[in-house]
Amino acid sequence: MRNSFPLFGTDDESIYNPDELLDLFLNCTADGFAIVDMENRFVRINHMYTEIFGYTEEDLIGKTFYEFSNPAFVGDLMNDVKNGKAYTNMITQRYHKDGSMLDIAVSYSPFRNKKGEIIAIIAIYRDITSIVRMENELHRTRELYELITENTSDMIKVFTKDKKIVYASPSHEKVIGLPPEKIVGRNLEEFLCSEEEAILDNKIDEILETGEPQLLRKKFRTVDKESVVYTEYNISPIYNEKKEVDSFVSVGRNITDRVKNDAAIRNLDRLSITGQLAAGVAHEIRNPLTALKGFSKLLQTSTDKQKQSDYLMIIMNELDRIDMIVNEFMSLAKPQAVQFVKGELCAIVDSTINVIHPQAILHNVQIITNYPQTKVELLCNPHQLKQVFLNFLKNAIESMPNGGNIDIEIQIYEAGNVQVRITDEGPGIEAELMRHLGTPFYTTKDKGIGLGLTVSNKIIQEHNGSMKIESSVGKGTTIKVELDYIVSAFNI
């Protein structure tokens, strides 16, 4: 129903109709419009007003706004507007026709005729219900995140692409003794040594390339220097509105107790291996000792200078052989500080073979190696890797009681990966048993503690590597170990 209340005076000389112009404006605007006369009666609403509140022209025209649910202060505002005052973007709550609550931004302005007289009031409504709900939800989410970050024991940091720390959770003070205000604003490099900085750069490059979170481990002393803390950080990307990585969030956890427990388990496994290797080492040392005794007696009875010199040379060689066996054996038995250094993979494998060689001889097992022409350097803990390969070789030897061959092949792949394959000629492993391999204290041996593969897999994971076992009954077993070898970023 159209209202006949004249808002404009008529002008026969005008080339347009002002009422038609007003209709065009009201129908095209995205806001709800209502025009109320000086007696507070509705004289015009547009289509968007109906969309917002559900009321039609038939419901409103000719009725006063007092007949509908409006805040009490609206009457006072109307009187102010009639006196020439305007109100802009007032946030209020109004009711829809169906009774639901709406969040509305409303503006009131006086409407004047050609003579400048106020003849009506224009009310402009904008429905901001969805925006307010989103803001409320965002506020609740922010409060929840703050509650989590302020009370979690995990150390949460947010840092930019240039490694500047912009947020640090209060838990840092509990773990490392530094409050957030002494961390925020500083660069991550201040908390890292050169090796850790290189590893972090590599992790960040990996995140930027794949978008996948990366794991980083760090060891440091607390501020009071009284204890060492081991931490494990999961670093994830944060994207901006352009779907570009804008910054990173790291969630760090104190894993000191876990590291100590792992060290105890590894030591137990190492002592078990040491005891089982003792017989083979004793046998290997007995052979050069027999030679030493024999040539020492010959040396005593011989007067030939040339023969004496030859005997002394043989004795020295046998002594060197004993010294090498003992040193390699002791490096395995003696606990080592866990630190990553540069190590050459082929040399580590050869050193392990020297330790296991006496046991291989006892079991009539030959170890055959196939190495690449170039050196393969790793950022690793050589003693831990030696323990890993020793576990695998010992298992391979024990799987062939009647003798056989063990093939060790090292192959370099692109993207900085190297694979070590250890293959035996044993009876293989049944599929039913394969799924239990690596379970702590599970073993198929009569004399074993079931920790070898568990410890080995843990060490490989800490070197950012992976382990895979392939076996077929009657065809032997192959263990594949993939590791990252040093690229230019690690040449520090």
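Two strands are said to pair if DSSP finds at least two bridges between them, and strands themselves (E, at least two residues), like helices (H or I, at least four), are DSSP runs numbered from the N terminus. The model on your screen is predicted, so local features need pLDDT of at least 70 and side-chain atom pairs count only at pLDDT 80 or more, while totals for chains, interfaces and linings use all residues. Residues are numbered from 1 along each chain as its sequence is written, and side-chain values use heavy atoms, with hydrogens and water left out.

**First stop: the sheet**

Select strand 1 (32–37) and strand 5 (118–127), which run antiparallel and are joined by 6 bridges; within this pair, Gly32 has Tyr125 of strand 5 as its bridge partner. Now add strand 4 (101–112), which is joined to strand 5 by 9 bridges, again antiparallel, and look for Ala105, whose bridge partner in strand 5 is Arg126. Strands 4 and 5 form a hairpin with 5 residues between them, and in the turn Gly116 has a positive phi of about 85 degrees.

Widen the selection to the open sheet of 5 strands, whose order is 2-1-5-4-3 with antiparallel pairing. Strand 2 (42–45) and strand 3 are the edge strands, each pairing on one side only.

Is strand 5 largely enclosed or left open by the rest of the structure? Of its 10 residues, 7 are buried (under 20% relative accessible area with a 1.4 Å probe, protein chains only), so strand 5 is largely enclosed.

**Second stop: helix 4**

Select residues 74–82, which make up helix 4, and colour its buried residues, Val74, Gly75, Leu77, Met78, Val81 and Lys82. They cover an arc of only 160 degrees around the axis (taken from the directions from the helix axis to the C-beta atoms), which puts them on the same side of helix 4. These buried residues pack against strands 1, 3, 4 and 5. Just after the helix, Gly84 takes a positive phi of about 100 degrees.

**Third stop: the nonpolar core**

A nonpolar core is a set of buried Ala, Val, Leu, Ile, Met, Phe, Trp, Tyr and Cys residues joined through side-chain atoms within 4.5 Å. In the largest one, which has 34 residues, select Leu345, Phe389, Phe392, Ile406 and Ile408, the members that touch the most others. Among the elements that each supply at least two residues of this core are helix 10 (345–362) and helix 11 (382–398). Finish by centring on Phe389: leaving aside neighbours within four places in sequence, Phe389 is in contact (heavy atoms within 4.5 Å) with Leu345, Ile348, Val349, Thr352, Val420 and Ile422.

How values were computed:
Buried means under 20% relative accessible area, exposed over 50%, partly exposed in between (1.4 Å probe, protein chains only).
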